[in-house]
Amino acid sequence: MSAPRTVTIRTRDHGPVTLPEPAWCLGEHEHGGYRADILHQGPDVVLAFHGRHITDAGLVESPFSESTRPELGGRTTGVSVSVIGRTLDPVGLYELAAALDGYTDRLRDLADQLSALLAGGGQ
Ligand SMILES: [Zn+2]
């Protein structure tokens, strides 16, 4: 078994800070900021359409965060969703996925309605 991965990040308020590096983290950290702003980030899951970026989501964790509001990022790992500007826990992420499922159904209904309208089948 290999030793846990660590990373050392230079901070302006605590000097070099060495901490465990989660396996999912891309390892792209900014140096020279405050320790509380250290952020682990996983790869983005991107929603794009015809080359246009709509939103992305990915794992995040701020191990020294002073925020007590998990939706704004915190010490607990969450998923940051750019389109809503929030970090979600598993329950919130399932709720968002359900809302998106419902939205795709409504888009298909609109496509059906539009097809019928363009075919002269009604209003
Ligand atoms: Zn990291």
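Begin by selecting strand β4, residues 45–49, in this predicted model: of its five residues the number buried is zero, so the strand lies largely in the open. Burial here would require 20 or more other C-beta atoms within 10 Å of a residue's own.

Next, add strand β5, residues 52–61, to the selection; β4 and β5 run antiparallel and are joined by five bridges. At the end of β4, pick F49, whose bridge partner in β5 is R52. Two residues lie between the strands of this hairpin, and H50 takes a positive phi near 50°.

Now show the whole protein chain, which has one helix and seven strands, and follow it along the sequence, where the pattern reads β-β-β-β-β-β-β-α. Its radius of gyration is 21 Å, well over the 14 Å that the globule rule gives for 123 residues, so the chain is more spread out than a compact globule. Taken along the principal axes, the box filled by the C-alpha atoms is roughly 70 × 35 × 30 Å. If you colour by burial, 7% of the 123 residues count as buried.

Finally, colour the two parts given by the domain assignment, domain 1 (6–88) and domain 2 (89–123), whose C-alpha centres lie 32 Å apart. Where they meet, five residues of domain 1 are in contact with four residues of domain 2. Select strand β6, residues 78–81, to see the element that gives the most to the domain 1 side, with three residues. That side of domain 1 consists of four nonpolar residues and one polar residue, with no charged ones.

How values were computed. Residues numbered from 1 in each chain as written. Predicted model: local features only at pLDDT ≥ 70, side-chain atom pairs only at ≥ 80, totals over all residues. Domains from an automatic or database assignment. Contact = placed C-beta atoms within 7 Å. Helix = DSSP H or I, 4+ residues; strand = E, 2+ residues; numbered from the N terminus. Nonpolar A, V, L, I, M, F, W, Y, C, P; charged D, E, K, R; others polar. Buried ≥ 20, exposed ≤ 12 C-beta atoms within 10 Å, placed from the backbone. Pairing = 2+ DSSP bridges. Rg over C-alpha atoms; globule rule 2.2 N^0.38 Å.
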